[in-house]
Amino acid sequence: MTGFESDGWPAPAKLNLFLHIIGRRADGYHLLQTAFQFLDYGDTLHFDSAPWGTVSRVEGPESLPEANDLCVHAARLLLRETGLHEGVRMRLNKRLPMGGGLGGGSSDAATVLVALNSLWRAGLSVDELAVLGLALGADVPVFVRGVSAWAEGVGECLTPLPDLPVPWYAVIKPPVSIATVDLFSEPKLTRDCAPITIRDFLSGAGGNVFEAVARVRYPAVAVALDYLSKYAPARLTGTGACVFAAFVDVDSARRALHDLPGGWSGFVARGCNMSPLQDRLRTMSVGRGAA
């Protein structure tokens, strides 16, 4: 496993390989089609026992107050739903940028649910954890299930895609953060894409409807897309601001990041069809079995 602290629980990034809006529900939520793939890069969480009922985040980004951190909400939700007499102190090593479209907050919350379910021996099934995750955010269930997936509905109707190609990706974060709600409310956003099938997607169909509006509202995103397109076809993930491109080998991906403009950041990571979180869970299960 790469891209995480070896003694912690990984909370990997995701990419949206395409993202369409095909309609809107009566309650205002948009109906989506997208394909999620994980990266072997992301945040890392550590958990320490605490007195019964205590849930705290003792380390984490200053820009994310503990009271607003989905990690804390996830741990409290699990305690409430299971009625366990447990407590936890969490340390979050945050590497994924906020407002980047990489799913960092959702992935952190999913890792809390999956890890504490195991550490506390709560015994909830994956389906039960995914239901809890959906209460925290539409992207949380895919991180709980941990398999690359085709997603529909508001993002919660998942079909596994375990055999996607696993290229190396160069990911760039331009110096801007995008609030998802801002782009979803953009009047010029395309909300009536014709539905496509998984076969269509695997044949190369699909784009990101947020790319056009992000280019206009956030010029730095346009510059990043144009920069990365010099090396390979570049796309926006989620509502941005991160952009990415696929490469056949790690050296080619690294070369695309050699001349990043000042103030930009980026990283290279491998695509994964099985989440590194699931790898960590299996390792722990094997250890228990050997004990």
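Helices (H or I, at least four residues) and strands (E, at least two) in these legends are DSSP runs, numbered from the N terminus. The model shown is predicted: local features need pLDDT of at least 70, side-chain atom pairs count only at pLDDT 80 or more, and totals for chains, interfaces and linings use all residues. Residues are numbered from 1 along each chain as its sequence is written, and side-chain values use heavy atoms, with hydrogens and water left out.

**View 1. Lys14 and Asp139, the annotated "active site".** The unreviewed UniProt entry places the feature "active site" at Lys14 and Asp139. Although spread over 126 residues of sequence, they cluster in space, with a largest C-alpha distance of 9.7 Å. The lining of the largest pocket includes both Lys14 and Asp139. Here a pocket is, on a 1 Å grid over the protein atoms alone, an open set of points where a 1.4 Å probe fits, with protein on both sides within 12 Å along at least five of seven lines; lining residues have an atom within 4 Å of a point. UniProt positions are given in the numbering used here, feature names are shortened, and annotations may be inferred rather than shown by experiment.

Let's look more closely at Lys14, which lies in strand β1 (residues 9–24). Lys14 has a relative accessible area of 3%, so this residue is buried (buried means under 20% relative accessible area, exposed over 50%, partly exposed in between, with a 1.4 Å probe and protein chains only). Beyond its neighbours within four places in sequence, Lys14 is in contact with residues including Phe36, Phe38, Asp139, Phe143 and Thr237; contact means heavy atoms within 4.5 Å.

**View 2. The annotated "binding site" stretch, from Pro97 to Ser107.** In the unreviewed UniProt entry, the "binding site" annotation covers Pro97, Met98, Gly99, Gly100, Gly101, Leu102, Gly103, Gly104, Gly105, Ser106 and Ser107. From this set, the lining of the largest pocket takes in residues including Pro97, Gly101, Gly104 and Ser106. Three members of the stretch deserve a closer look.

- Gly101 sits in the loop between β4 (88–93) and α2 (104–119). Its relative accessible area is 17%, so Gly101 is buried. Leaving aside neighbours within four places in sequence, Gly101 is in contact with Lys14, Asn16, Thr237, Gly238, Gly240 and Ala241.
- Gly104 belongs to helix α2. Gly104 counts as buried because its relative accessibility is 10%. Outside its neighbours within four places in sequence, Gly104 is in contact with Asp43, Lys94 and Leu96.
- Ser107 is also found in helix α2. With 1% relative accessibility, Ser107 counts as buried. Not counting residues up to four places away in sequence, Ser107 touches Ala11, Pro12 and Phe143.

**View 3. The cis peptide bond between Gly240 and Ala241.** A cis peptide bond joins these two residues, with omega about 20 degrees. Ala241 lies in the loop between β8 and β9. Both residues are among the contacts of Gly101, so this view goes well with the previous one.**View 4. Helices α2 and α3, with Arg121 in the loop between them.** How are the two helices α2 and α3 arranged, roughly parallel or roughly antiparallel? α2 and helix α3 (residues 126–136) pack at an angle of about 150 degrees, with their axes 10 Å apart. Axes are lines fitted to C-alpha atoms, for helices over the stretch in contact, and angles run from 0 to 180 degrees between N-to-C directions. α2 and α3 are therefore roughly antiparallel to each other (angles under 35 degrees count as roughly parallel, over 145 as roughly antiparallel, 65 to 115 as roughly perpendicular and the rest as oblique). Ala109, Leu113, Val114 and Asn117 in α2 meet Leu129, Leu132, Gly133 and Leu136 in α3. Arg121 lies in the loop between α2 and α3. Phi of Arg121 is near 55 degrees, a positive value in a residue other than glycine. Arg121 counts as exposed, at 61% relative accessibility.

**View 5. Leu17 and its partners from distant parts of the sequence.** Leu17 is placed in strand β1 and is buried, with a relative accessible area of 9%. Leu17 and Gly206 are 189 residues apart in sequence and 8.2 Å apart in space, C-alpha to C-alpha. Leaving aside its neighbours within four places in sequence, Leu17 is in contact with Ala35, Gln37, Leu164, Tyr169, Phe201, Arg235 and Phe244.

**View 6. The buried residues of helix α8.** In helix α8 (residues 219–228), the buried residues are Val221, Ala222, Ala224, Leu225, Tyr227 and Leu228. They pack against β7 (168–173), α7 (210–217), β8 (234–236) and β9 (243–247).
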